[in-house]
Every structure is written in structure tokens, then in C-alpha cells.
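This report goes through selected side-chain pairs, helices and buried positions of one protein chain. The sequence and structure come next.

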Amino acid sequence: MAPPLKRVVEALSELIQPGEARTAQISQENVLLRTLCHNLSVLDQKLQQDSNSATLQQLREQVISQLTWSVRSDDAVWNFVTEVLVQLLCLKQTMIELLAQFVPPKPNPKSPECAPALPPDTLSISQQKTVQTALQFVIILGICPYLLPGVGTPLRCRSDFAATVEKLVCYLAPPRGMWRLHIVTMALLDIAHHPSLESLILTRHLGDLLASLCQLAYSPKKYHSNLTSEESSRQEDREKQKGLTDAEQHSCQQGLQKLLDRVYQPIVVKELLILQGGTKQMAPACVGKTQKFSQTPSWLRHCCGQLLSERLMKPNGVQAVVRGIVEGAGAGIAGGQSAEAAAADWRKCDGVARILASCPQQCLSVEQYYRQVCPQVKTGNFSNYVFIQKSENT
């Protein structure tokens, strides 16, 4: 029997409760750490002692028994991340079971204008906000700290909270960092199999998932050692010490391709261009600050180039590339529709021309490439499309 949807969301809400106010004697990092530990303790006590949470506790134990990784360690931040993931998996399973038991009522012929009943797995606006906040914690605490230099947007460029997290979270040397990154990424992909949760994850965190999957699937092992290592005396079991196997890397490659294929292609193109450009797409938090940023590694630029070429070679690929580049003018990490972004429109149009004129390496011949692309260019009427976009931006 599935627990009420409200119980699972309440458990997530317990985990993301704000902490005590910062004082002069306590740093922001310590306040955050105390808050995470306190919220974990409160939820654990509630699950153990509250009779209303018995069904949720049973589902939680069932979910944990099916995991291939441990939910407990001597790292409080990692314990928090795994607990949020477990609760999100419980939420997904609850929504699936509730929908399977749902029998929609027959429409009333006397009032045909009435809206049909919502399915029981529908999340309210406030519940969606709770889930979104929980997902943000997972991304910032469970993915961003383990990305290689130059992969994705640095934590300090996201928000003041993310900058605090950067000081708190240890940057673990591989293979532990890659192992944790693999756990969080695969769990999020699993959670995203539910349509409602998929929209919550992909609308805001697609770029981070793509960065993580690219690193897990294609980064050379020699680059893994570039992660900053903060040695500790903690005893790690053998499972945590091993790196990714070839099978796990192949699974990440398949997960990346499936994710790219199921998302609206212009958005995929835009996110891949941002990922390929690295710190050129800078967040407002970093504008005007003299900080050194790692350049996008060559393996990632090559990977994004290959993936972009694959998008281009698909049916209607030219249109997807044009829309992804032109609609993305002024978008991305920095966002906005400023005059500077509008001035970049023509440079983006020039970029479209350069991309279309370059034959991808995976093509058998230049002639085959042009036979596939030229008809799309001829029938696409892109000049009018670009003109319309520029008119809307001015």
C-alpha cells in the first residue's frame, strides 16, 4: 500500500527546512552543516516514532533494499544527499502506485462543461515547489562538487548559497568523487522516468545532468586526477574506492543518448553549446569579479561537437540547430534580453552558417552530408525566421 502523497512531500519538506540565523561566531558553512544534520535527525525521529509515517517508513526500507549503494557514511553532507534521493524515489513509487489504482469517474452528462477529475498523482503548486527545492539541494550538493574543472558552471558563479556550499563540501579525489557523481546522476534519471517528475527535473537541471553524463561517459581517466583532494582519515569500503567499470561507463553513454533524444531538440542544442563554451557563459554572480576559471577541457569540447553534429544529422536537425542558436541569444546561464545579447544575434547567425557549412567527422563523405542538409536549408525559410526573432528582441 502506497503512503499518502502528502506524507512523502512532508518528509522532503522536513529535509529542506531553513536553519538558524547566522551569528558572528558561526560561519555560514557551519550553519548549513548544522541545519542538514538537524533536519536529518528530525526526519529520522519522525519516521521511527510517528505512527502516521509507518507506511512511508516501510516504503523507504523497500527502496533502500533495492539500491546498490549505501545511504549512510561518515559524511553528513553525503548522508543528506542520499536521504533526499531516497525520498524522491519514494515519491516516484508512490505516484506510480496511486495512478495504477486510480479509476476515473464517469463524466456527468448533465454538466459536460465540468473539468475531469485530476489523477491522484498530481502535485499541487506548493508540493512542486518543495520537490524543486529538494532537487536543487541534490544538484548543488551531489553533482556540482564532483564535476571536473571546466565542466559546467562553477558553484561560486551560481548563487551566494552555492558559494557557501563550495566551502563546505569536500572535493573528493577520484574514484570516490566519480562514484558519488554516478550515484546521483543515475538516481535522478531513474526519478525522471515519471512524467511529472521528469518535467520538474529537466526544465531546470538539464544542463547539469548533461555535464555530469558527459563527464561520466567520456572523460579520460587522466583528467580525473585534476579534482582537488582533501585527504581525510575516514575509512572507505572497497565499493567506494573503485572507479567506474566499462559497463557503468557504457550505461552512462546510453543514458546520455536517451536523454538527448527525449528532450526538445533546440533546447538540447542550446545546452550543448553552453556546455561547450564553458565559462564564456558566465553567471551574474561572477560578472565584474576578477577570478580565474578553468577552460573547457578539449575532450568535452570534442564530445559536445560530436553530439551537436548528431543533432544536425537527424531529421529536421537543421531547424533544431537554427532554433537552438537563434532562440538562445542572450539565454543560458547569464540569461536576459539585454542590448548586448541582442547585438550578439548576428554573431549567432554567423555561427549557424559556419556550423552548416562544416561537414561533421562522422559523415562518410561531404557529398552525403550536403545531400542531407541542403534540402532542409532550401525548404526551411530560415531567413524569415531569423528576421522575426530579431524583430521580437528589439
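Tyrosine 370 is partly exposed in this predicted model, because its relative accessibility of 34% lies between the 20% limit for buried and the 50% limit for exposed. Its ring pairs with that of tyrosine 369 in a tilted arrangement, 5.3 Å centre to centre and with 55° between the planes. Tyrosine 369 is buried, with a relative accessible area of 0%.

A search of the whole structure gives 3 aromatic pairs. One of them joins phenylalanine 80 and phenylalanine 137 edge-to-face, with 5.5 Å between the centres and 65° between the planes. Phenylalanine 80 belongs to helix 4 and phenylalanine 137 to helix 5, so this pair ties together parts 57 residues apart in sequence. Both phenylalanine 80 and phenylalanine 137 are buried.

**Helices 4 and 5**

Helix 4 covers residues 76–101, and its 26 residues reach 38 Å from the first C-alpha to the last, close to the expected 38 Å. At its start, a side-chain oxygen of aspartate 75 comes to within 3.1 Å of the backbone nitrogen of valine 77. Of the 26 residues in helix 4, 19 are buried.

Helix 5 runs over residues 125–142; its end C-alpha atoms are 25 Å apart, which agrees with the 26 Å that 18 residues should span. Its buried residues include Gln127, Thr130, Val131, Leu135 and Leu141. Among the elements that cover the buried residues of helix 5 are helix 1, helix 2, helix 4 and helix 8.

**Core and buried positions**

The largest nonpolar core has 100 residues, of which Leu85, Leu91, Val131, Leu141, Leu188 and Leu259 touch the most other members. Helix 4 gives the largest share of this core, 13 residues. Beyond its sequence neighbours within four places, leucine 91 is in contact with Leu5, Val8, Val9, Leu12, Val131 and Leu197.

Cysteine 214 is part of helix 8 and is buried, at 0% relative accessibility. Tryptophan 299 is 85 residues from cysteine 214 in sequence, yet their C-alpha atoms are 9.6 Å apart. Contacts of cysteine 214 outside its neighbours within four places include Ser219, Leu256, Trp299 and Cys303.

Glutamine 57, in helix 3 (residues 54–65), is buried as well, with a relative accessible area of 9%. Leaving out residues up to four places away in sequence, glutamine 57 touches Leu47 and Gln48.

**Salt bridges**

The count of salt bridges is 10. Three are listed here.

| Residue | Partner | N to O distance |
|---|---|---|
| Glutamate 83 | Arginine 72 | 3.8 Å |
| Arginine 262 | Glutamate 198 | 2.8 Å |
| Arginine 311 | Glutamate 310 | 3.7 Å |

Arginine 262 lies in helix 11 (residues 246–262) and glutamate 198 in helix 8, so their pair ties together parts that are 64 residues apart in sequence. Arginine 262 is partly exposed at 35% relative accessibility, and glutamate 198 is partly exposed with 23%.

Glutamate 83 sits in helix 4, while arginine 72 is in the loop between helix 3 and helix 4. Is each of these two buried or partly exposed? Glutamate 83 is buried, with a relative accessible area of 2%, whereas arginine 72 is partly exposed, with 41%.

Arginine 311 is buried at 1% relative accessible area, and glutamate 310 is partly exposed at 29%. Both are linked with Asp261 and Lys314 in a network of salt bridges.

Technical notes: Residues are numbered from 1 along each chain as its sequence is written. This is a predicted model: local features need pLDDT of at least 70, side-chain atom pairs count only at pLDDT 80 or more; totals for chains, interfaces and linings use all residues. Side-chain values use heavy atoms; hydrogens and water are left out. Helices (H or I, at least four residues) and strands (E, at least two) are DSSP runs, numbered from the N terminus. Buried means under 20% relative accessible area, exposed over 50%, partly exposed in between (1.4 Å probe, protein chains only). Contact means heavy atoms within 4.5 Å. The expected span of a helix is 1.5 Å times one less than its number of residues. A polar contact is a pair of N or O atoms within 3.5 Å; within protein, one must be able to donate a hydrogen and the other to accept it, and residues adjacent in sequence count only if both atoms are side-chain atoms. A nonpolar core is a set of buried Ala, Val, Leu, Ile, Met, Phe, Trp, Tyr and Cys residues joined through side-chain atoms within 4.5 Å. Rings of Phe, Tyr and Trp (its six-membered ring) pair if their centres lie within 6.5 Å; planes under 30 degrees apart count as stacked, over 60 as edge-to-face and the rest as tilted. A salt bridge is a side-chain nitrogen of Lys or Arg within 4 Å of a carboxyl oxygen of Asp or Glu.
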